[in-house]
Amino acid sequence: MIALVDPLSSGVFLSSALRECGQGLLHVYEERFSGAARSDASAPVLIVSGDTAETVAALRRRGVRHVIPGSEFGVALAHELAAALGLARNEDETAAARRDKALMGEVLGRAGVPCAGQASVATVEELTRRCGVLGFRSS
């Protein structure tokens with residue numbers, strides 16, 4: 001059984017593909033996505049309460065053997081649940097980079113992996129300054 005966490009946006013297609021491959025699925029939604037969860041009829045649904053231990057117990061009862069994110073929104077919770085269940089997951093040290101696009105770019109660049117240039121900015125002034133550094137002209 002696979003728990004697919006927050007299967008929103010393109011995660012709907014991942015869910016379909018897994019079902020086509022014969023995988024048993026449970027859709028796990030954070031409470032903030034309970035509206036989407038209530039309209040999801042494609043797989044059994046579990047809406048996560050604030051209690052991780054309760055959620056982990058529910059996943060164990062259902063025989064979950066894999067926990068994967070179903071969208072960008074589910075990356076952190078999928079990692080947390082897989083860790084709590086003692087299941088395979090990505091390294092703890094890379095969890096932040098899988099959720100933060102700017103940090104992801106930095107990590108990839110340090111590893112020598114070609115990636116798109118990007119910058120995080122907080123103010124218009126910082127944006128203007130960064131655009132000049134990156135070779136963009138402001139109009």
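In the predicted model, D6 is buried, with a relative accessible area of 0%. This residue lies in the loop between β1 and α1, and its phi is near 50°, a positive value in a residue other than glycine. The loop between β1 and α1 also holds S9, whose phi, near 55°, is likewise positive although S9 is not a glycine. In contrast to the buried D6, S9 has a relative accessible area of 63% and is exposed.

Strand β1, which precedes this loop, belongs to an open sheet of four strands, arranged in the order β3-β2-β1-β4 with parallel pairing. Strands β3 (45-48) and β4 (66-69) stand at the edges; each has a single partner strand, so one side of each is left without a neighbour in the sheet. From one strand to the next, the twist averages 25°. Strands β1 (residues 2-5) and β2 (residues 25-30) run parallel and are joined by four bridges; I2 has L25 of β2 as its bridge partner. Four bridges also join β2 to β3, again in parallel, and here the bridge partner of H27 is V45 in β3.

The side chains along the edge strand β3 alternate. L46 and V48 point to one face and are buried, whereas V45 and I47 point to the other and are not.

Helices pack against this sheet. Helix α1 (residues 11-20) lies across β1, β2 and β4 and runs at about 160° to β2. Helix α3 (residues 52-61) touches β1, β2 and β3, and its direction makes about 165° with that of β3.

Within α3, the buried residues are T55, V56, A58 and L59. Seen down the axis of the helix, these residues fall within an arc of 160°, so they line one face of α3. Their cover includes β1, β2, β3 and α4 (75-85). On the other side of α3, A53, R60 and R61 are exposed. The N-terminal end of this helix is capped by D51, which has a side-chain oxygen 3.0 Å from the backbone nitrogen of A53. After α3 comes G63, with a positive phi near 75°.

In soluble globular proteins, nonpolar side chains tend to be buried together. The largest nonpolar core of the model has 17 residues, and those with the most contacts inside it are V5, V28, L59, V67 and L81. Strands β1, β2 and β3 and helices α3 and α4 each supply at least two residues of this core. Helix α4 gives the most, with five residues. One of the residues with the most contacts in the core, L59, is also among the buried residues of α3.

The surroundings of V5 can be described in detail. When residues up to four places away in sequence are not counted, V5 touches V28, V67, I68, P69, G70, S71, G74, L77, A78 and L81. Among these contacts, V28, V67 and L81 are themselves listed with V5 as having the most contacts inside the core.

A valine in another setting is V124, found in helix α7 (residues 124-134). V124 counts as exposed because its relative accessibility is 59%, and exposed means over 50%. V124 is 76 residues from V48 in sequence, and the two are 38 Å apart in space, C-alpha to C-alpha. V48, by contrast with the exposed V124, is buried in β3.

Key: Residues numbered from 1 in each chain as written. Predicted model: local features only at pLDDT ≥ 70, side-chain atom pairs only at ≥ 80, totals over all residues. Heavy atoms only, no water. Pairing = 2+ DSSP bridges. Axes fitted to C-alpha atoms, helices over the stretch in contact; angles between N-to-C directions. Contact = heavy atoms within 4.5 Å. Buried < 20%, exposed > 50% of the residue type's maximum accessible area, 1.4 Å probe, protein only. Arc of directions from axis to C-beta. Polar contact = N/O pair within 3.5 Å; in protein donor to acceptor, adjacent residues only side chain to side chain. Core = buried A, V, L, I, M, F, W, Y, C linked by side-chain atoms within 4.5 Å.
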